[in-house]
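Trainee: Please take one part of this model and go through it closely. I am new to it, so spell out the terms as they come up.
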Amino acid sequence: MITIGIADDDALVRQTLSDLLSKNDDIVVTWTAKDGQEALDLFRSSEVDGKVQAILVDVQMPKMDGLALAKALLEENPEIAILILTTFTADSIVDDAMALGVRGFVAKEDGASSLAGAIRQAVAGNLVLSPTSSAIISDQARLWANSSAQPSESTSKQTQTQQSTSPLPHGITLSEREREVLKLVVDAKTNKQIATRLRLSEATIKTHVSAIIAKLGVQDRVGAVVYALQHNLI
């Protein structure tokens, strides 16, 4: 049985998520909190401390925001699976959350099966990015890229130089196959699903993913997704 907590300042969101997750026999919502401080207090209380395996955390909350809450929780229990609830996610929030050690991102709009699947994966120790949250992060990354691409008159030469420079680390290139794999990783496909789509073995896909992660200089596939979206690699 997987026990979870939910921290969100919107009562309707808390109720909706609780109702969705209650449809799964292996997931129990132990508590919900209306702000970060209440979530931390509940986590620390003698009645529930140690019983919660995962916590869904909204970023914007009163008293203590989601990132501050995630930091406090992970300092006290590094094994807790923190999943950030996304609606609008700035690049800096994605980067900061990953640096803290969160297990991934899910969306408030996710369906019951998608949300439950993400929680199971996170509790198992995997990094997750649900399809809906991937689309949200992708939209924000592209919006950021478009707004950043408008050069001012005083910096037009510098901008032109930057635009002609590859977004990949110096001296690094991705093969056509690696770009195909990366696009499917961004679409939140598993190695097995990618292997089926490209008619390759799962071991081959695992090798490609490992190579992509190494080339981009990130630590995991979530980092590769964020890098790809921020730098318009797909």
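Mentor: A residue is called buried when its relative accessible area is under 20%, exposed when over 50%, and partly exposed in between (1.4 Å probe, protein chains only). This is a predicted model: local features need pLDDT of at least 70, side-chain atom pairs count only at pLDDT 80 or more, and totals for chains, interfaces and linings use all residues. Residues are numbered from 1 along each chain as its sequence is written, and side-chain values use heavy atoms, leaving out hydrogens and water.

The part to look at is strand E5 and its surroundings. Helices (H or I, at least four residues) and strands (E, at least two) are DSSP runs, numbered from the N terminus. Two strands pair if DSSP finds at least two bridges between them.

E5 covers residues 104–107. It belongs to an open sheet of six strands with parallel pairing, in the order E2-E1-E3-E4-E5-E6. Strands E2 (27–33) and E6 (128–129) are the edges, each pairing on one side only. E5 pairs with E4 in the parallel sense over four bridges, and Leu83 has Gly104 in E5 as its bridge partner. E5 and E6 also run parallel, joined by two bridges; here Phe105 is partnered with Leu129 in E6. In a regular strand the side chains alternate between the two faces of the sheet. E5 is covered on both faces, with Gly104 and Val106 buried on one side and Phe105 and Ala107 buried on the other.

Helix H5 (residues 112–123) lies across E1, E2, E3, E4, E5 and E6, at about 150 degrees to E4. Angles run from 0 to 180 degrees between N-to-C directions, and axes are lines fitted to C-alpha atoms, for helices over the stretch in contact.

Ahead of E5, Arg103 sits in the loop between helix H4 (91–100) and E5. A salt bridge is a side-chain nitrogen of Lys or Arg within 4 Å of a carboxyl oxygen of Asp or Glu. Lys and Arg count as positive and Asp and Glu as negative, with His and the chain ends not counted. Arg103 is buried without a salt bridge, its nearest side chain of opposite charge being Glu79, 4.5 Å away. The side chain of Arg103 does reach two backbone oxygens: that of Glu79 at 3.2 Å and that of Ala122 at 2.4 Å. With contact meaning heavy atoms within 4.5 Å, and neighbours within four places in sequence left aside, Arg103 is in contact with residues including Pro78, Ile80, Leu83, Val123, Asn126 and Val128.

In the loop between E5 and H5 is Lys108. The structure holds 10 salt bridges. In one of them, the side chains of Lys108 and Asp8 meet at 2.9 Å, N to O. Asp8 lies in the loop between E1 and helix H1 (11–21), so the pair links distant parts of the chain, 100 residues apart. Asp8 counts as buried because its relative accessible area is 0%.

Lys108 also forms a salt bridge with Asp58, the closest N and O atoms being 3.4 Å apart. Asp58 is in strand E3, so this pair ties together parts that are 50 residues apart in sequence. Asp58 is buried too, at 7% relative accessibility. Asp8, Asp58 and Lys108 are joined into one network by salt bridges that share partners. The strands that lead to this network also pair: E1 (residues 2–7) and E3 (residues 54–58) are parallel over four bridges, with Leu56 in E3 as the bridge partner of Ile6.

How values were computed: Polar contact = N/O pair within 3.5 Å; in protein donor to acceptor, adjacent residues only side chain to side chain.
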